[in-house]
Structure formats: structure tokens, C-alpha cells
Amino acid sequence: KALLLASLHHPMNDQSNVPSWARAAEPLVPSVNVASVKKEVRSSIKEIGRAADEMVRLGRRRGGPGASEQLLALSTETRERARATSQTLRAAFGAVDDASPDHAALVSLSEEFKAAVLRFQQEAEAASGAAAPSQAPQSQPSLQPLPPLKPLPQFAGEMSPAMDIEAGGGGEGGGGE
């Protein structure tokens, strides 16, 4: 009994000597409920799919009244949802072991999410082009190549043949001679 009491009061068992980070009640590696992450991400994938379908519908209206505003609002809302879902997936990936079945399930879910976001992006681009027919793409000015450079007259005589790369010289240290 005396040994038990002595061990309870041993300096190694004294919590006041332990740093606060070591006494934390929460685990050092965050845990994640993969089932709830899957449910949340699948819900987001469905919502992003619905938004893509809505983009198609809005694109068919061909620039009707308020179509641009609706496209912008839908795009903004869907981008925010996609950002939040992406953060959820990143946090979940950080909390599971790479070799675990949960990691494999998250990889599959992540691929579905990427496909949904890509489809939404494609539909949004198609719809925004259809919703704004009056905004024809502006033509880019044609770029012409510059003529070859000619040495200035005051420096023309100063270049030795060994330094003239175009004439077959090697430049400094090039072994042209």
C-alpha cells in the first residue's frame, strides 16, 4: 500500500510538470468519421449535378431576362459548395492512413467529386457563352514578328569574327577559332 501511495506522488506522475500540449484531451492526430464525410460529399456531388443541369436549362434560355444574374448566382453558390467539399475531403485524407480501406473509399469519392465539378464547369462555360450572345469575342490584334536586329553603326566594326555567333564564331570561351 505504501508503494502505491509513493508511486502516486512520484514526480513523473505529477501532471503539473507535463506540458499543456501533452495533457490535451483531444488526440494529436484528428479523427474523422468517414461515413459522415461520405454522406456529406455525396450530397454535394448531387447538388453540383443539379446545378450543372440548371446551367443547361439557363443556357437554353438564350440570354433571356435575368439569365446572366441567375448564372452568376448559381455559379457563385456552386463554387462555394465545391470549396467547402474540397476542404472536407482534404481534412479526411489527412486523418486516414494511406493504406486503409477508408483512404481507398475517399479516393473514389474524390474522383466522383472531380468529375461532378468538371461537368459543372463545362456546363457553366457553355451556358455563359449562350447567355451573352451580344458579347462577341473581341479579336486579338495580330502579332507580327520583329525584324532581325542589326548592329548599330557605331558598334559594327568592334565585333571580332570570333565573337560573332551568327558568322560561325563561338563567342567567349566557345573555341570558335
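The exchange below concerns the helices, core and selected residues of a predicted model.

Colleague: Which pattern does the protein follow when it is read along the sequence?

Modeller: In this predicted model, the protein has four helices and zero strands. Read from one end of the sequence to the other, the pattern that the protein follows is α-α-α-α.

Colleague: What percentage of the residues of the protein count as buried?

Modeller: The term applies to residues under 20% relative accessible area. Of the 177 residues of the protein, the share that counts as buried is 22%.

Colleague: Which helix gives the most to the largest nonpolar core?

Modeller: The largest nonpolar core has 22 residues, and those with the most contacts inside it include Val-41, Ile-45, Ile-48, Leu-106 and Phe-113. At least two residues of this core come from each of α2 (34-60), α3 (67-95) and α4 (101-131). With nine residues, the helix that gives the most to this core is α2.

Colleague: Which residues does Ile-48 touch, leaving aside those up to four places away in sequence?

Modeller: Ile-48 is among the residues with the most contacts inside the largest nonpolar core, and it also belongs to the set in α2 that meets α3. Leaving aside residues up to four places away in sequence, those touched by Ile-48 are Thr-78, Arg-81, Ala-82, Phe-113, Ala-116, Val-117 and Phe-120.

Colleague: Are α2 and α3 roughly parallel or roughly antiparallel?

Modeller: The two helices, α2 and α3, pack with their axes 10 Å apart and at an angle of about 160°. Because angles over 145 degrees count as roughly antiparallel, the relation of α2 to α3 is roughly antiparallel.

Colleague: Is the crossing of α2 and α3 left-handed or right-handed, and how do the residues of their contact divide?

Modeller: The crossing of α2 and α3 is left-handed. On the α2 side, the residues that meet α3 include Val-37, Glu-40, Ala-51 and Leu-58, while those in α3 include Gln-70, Leu-74, Thr-88 and Ala-92. The residues of this contact divide into 11 nonpolar, six polar and four charged.

Colleague: Does Ser-44 count as buried or exposed, and which residues does Ser-44 touch beyond four places in sequence?

Modeller: Ser-44 is found in helix α2, and because its relative accessibility is 4%, Ser-44 counts as buried. Not counting residues up to four places away in sequence, the residues that Ser-44 touches are Arg-81 and Thr-85.

Colleague: Which residues does Ser-75 touch, not counting those up to four places away in sequence?

Modeller: Ser-75 lies in helix α3, and at 17% relative accessibility Ser-75 counts as buried. With residues up to four places away in sequence not counted, Ser-75 touches Met-55 and Phe-120.

Colleague: What distance separates the C-alpha atoms of Arg-79 and Gln-121?

Modeller: Arg-79 is found in helix α3, where its relative accessibility of 39% makes Arg-79 count as partly exposed. Arg-79 and Gln-121 are 42 residues apart along the chain, and their C-alpha atoms are separated by 9.5 Å.

Colleague: What distance separates the C-alpha atoms of Ala-84 and Ser-44?

Modeller: Ala-84 has its place in helix α3, and at 38% relative accessibility Ala-84 counts as partly exposed. Along the chain, Ala-84 and Ser-44 are 40 residues apart, and the separation of their C-alpha atoms is 9.3 Å.

Note on methods
Residues are numbered from 1 along each chain as its sequence is written. This is a predicted model: local features need pLDDT of at least 70, side-chain atom pairs count only at pLDDT 80 or more; totals for chains, interfaces and linings use all residues. Side-chain values use heavy atoms; hydrogens and water are left out. A nonpolar core is a set of buried Ala, Val, Leu, Ile, Met, Phe, Trp, Tyr and Cys residues joined through side-chain atoms within 4.5 Å. Buried means under 20% relative accessible area, exposed over 50%, partly exposed in between (1.4 Å probe, protein chains only). Contact means heavy atoms within 4.5 Å. Axes are lines fitted to C-alpha atoms, for helices over the stretch in contact, and angles run from 0 to 180 degrees between N-to-C directions. Angles under 35 degrees count as roughly parallel, over 145 as roughly antiparallel, 65 to 115 as roughly perpendicular and the rest as oblique. A crossing is left-handed if the near helix is turned anticlockwise from the far one by less than a right angle, and right-handed if clockwise. Ala, Val, Leu, Ile, Met, Phe, Trp, Tyr, Cys and Pro count as nonpolar, Asp, Glu, Lys and Arg as charged, and the others, Gly among them, as polar.
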